[in-house]
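The following note is addressed to a colleague who is meeting this structure for the first time. Please read the numbered points with the model in view.

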Amino acid sequence: MIFQAKVCVPVYFDAGVLADERKIFAPCVPNLSGILPVCQSAMVWLVLGCPGFAHAQVKKPQVAVTVDCPILNQDAENRAALEARALVELTLRRVQGVLEISCDDARAYLKLTESPSRVRTSTLPVEPDAGLFVDHLLSAVWELSAPETETVAGRVTGKFLAFRVAESPRLRRRWNAAAGVSAEYWSTGRALLAGPRLALAWGTDQVQLAALAGVFTTVKTGAGVDAEGLLFGATVQYRGLHPLTLSTGAETLRISVSPPEAFSPARAQTWAVAGPVAIRGNFMLHGVRLELGPEVTFYPLTPAVQLDGSRRFGPDWMAIGLSLWMAHEL
């Protein structure tokens with residue numbers, strides 16, 4: 001008589017990387033040959049001897065991203081996008097460590113700690129637009145995690161290979177428009193002059209070149225002399241000593257003076273060349289950079305207006321003033 005039974009033969013299949021294990025599927029098929037003991041022995045060998053039956057341990061990337069920025073704490077969508085995309089960037093670079101992103105009102109600070117002896121940092125200005133700010137942060141993350149000799153980084157997404165050149169936000173050139181007001185005291189004539197100024201600047205986040213123009217007039221004078229004029233100039237600004245801005249440059253002034261009726265001539269004009277040096281504190285307020293601080297202006301030619309044959313009005317070789325600027329990126 002033929003012994004008929006059903007034999008369950010174990011078949012292995014991969015449950016996927018996320019499941020992190022392999023499972024056994026044992027379909028039962030009819031056996032007409034009566035070899036059940038043989039199949040049972042084979043099953044025991046497979047279960048006990050097959051190394052694939054053990055759970056496979058998948059090594060997870062040891063990288064973490066923390067974000068503490070006021071502008072992103074109020075925008076959960078962009079914060080989540082930043083954390084996820086930064087994690088992908090670091091994983092593609094095979095970076096292991098902790099990336100910390102923190103912000104104050106003006107700047108963002110990035111710190112990548114791969115080991116106690118390998119810590120890399122970067123900084124960039126806070127952008128009022130959260131989406132644009134996230135893009136700048138990701139560019140900084142890509143540069144921060146790049147190998148020191150790398151200039152062109154490869155990214156693999158699925159089966160496609162793309163190349164991108166990482167550009168530091170600190171080195172990105174940009175245009176800024178600024179408006180300000182300045183006041184200056186001239187000892188000769190005991191005059192206080194003030195007026196508005198406009199400037200257009202170009203450069204990086206740390207160094208900028210600016211062209212400026214403005215007008216000025218006497219606010220108070222002790223010699224009874226009224227003056228007004230125009231100025232044009234160029235300055236170099238350095239913001240690497242946050243929160244300070246250092247500025248120096250050269251200016252040309254056209255000064256027109258209207259003396260009292262008893263003096264002659266009735267109206268006089270002169271030119272002046274000046275070299276301003278300023279130290280201003282800067283901070284961000286609703287996407288606008290504010291700068292306020294003292295300014296010292298040097299007049300190498302010591303211009304003066306002659307009234308009745310004597311020097312009655314003009315700056316000495318040095319004048320002290322105060323300036324306030326408001327700048328916005330174009």
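**Note on a helix pair and its sheet**

1. In this predicted model, two helices touch through a defined set of residues. On the α3 side these are Asn78, Leu82, Arg85, Ala86, Glu89 and Leu90, and they meet Ala130, Gly131, Val134, Asp135, Leu137, Leu138, Val141 and Trp142 of α4. Sorted by class, this contact of α3 with α4 comprises nine nonpolar, two polar and three charged residues.

2. The geometry of the pair may be stated next. Two packed helices are described by the angle between their axes and the distance between the axes. Here α3 spans residues 76–92 and α4 spans residues 130–144; they pack at an angle of about 15°, and their axes lie 10 Å apart. Since angles under 35 degrees count as roughly parallel, α3 and α4 are therefore roughly parallel to each other. Their crossing is right-handed.

3. The sheet on which these helices pack deserves a separate point. It is an open sheet of four strands, in the order β5-β6-β7-β8, with mixed pairing. The edge positions belong to β5 (63–68) and β8 (118–125); each has a single partner strand, so one side of each is left without a neighbour in the sheet. On average, and with direction ignored, neighbouring strands of this sheet are turned by 10° against each other.

4. The pairing at the two ends of the strand order can be described in turn. β5 and strand β6 (residues 97–103) run parallel and are joined by six bridges. Within this pairing, Val63 has Gly97 in β6 as its bridge partner.

5. Both helices of the first point pack on this sheet. α3 touches β5 and β6, and its direction makes about 150° with that of β5. α4 touches β6, β7 (107–115) and β8, and its direction makes about 150° with that of β8.

6. At the other end of the order, β7 and β8 run antiparallel, with eight bridges joining them. The two strands form a hairpin that has two residues between them. Leu112 stands opposite Arg120 in β8.

7. Finally, the wider setting should be recorded. The protein has four helices and 20 strands in its secondary structure. Of its 330 residues, 36% are buried. Among contacts with a separation of 6 or more, 55% are accounted for by residues 24 or more positions apart.

Notes:
Residues are numbered from 1 along each chain as its sequence is written. This is a predicted model: local features need pLDDT of at least 70, side-chain atom pairs count only at pLDDT 80 or more; totals for chains, interfaces and linings use all residues. Side-chain values use heavy atoms; hydrogens and water are left out. Axes are lines fitted to C-alpha atoms, for helices over the stretch in contact, and angles run from 0 to 180 degrees between N-to-C directions. Angles under 35 degrees count as roughly parallel, over 145 as roughly antiparallel, 65 to 115 as roughly perpendicular and the rest as oblique. A crossing is left-handed if the near helix is turned anticlockwise from the far one by less than a right angle, and right-handed if clockwise. Contact means heavy atoms within 4.5 Å. Ala, Val, Leu, Ile, Met, Phe, Trp, Tyr, Cys and Pro count as nonpolar, Asp, Glu, Lys and Arg as charged, and the others, Gly among them, as polar. Two strands pair if DSSP finds at least two bridges between them. Buried means under 20% relative accessible area, exposed over 50%, partly exposed in between (1.4 Å probe, protein chains only).
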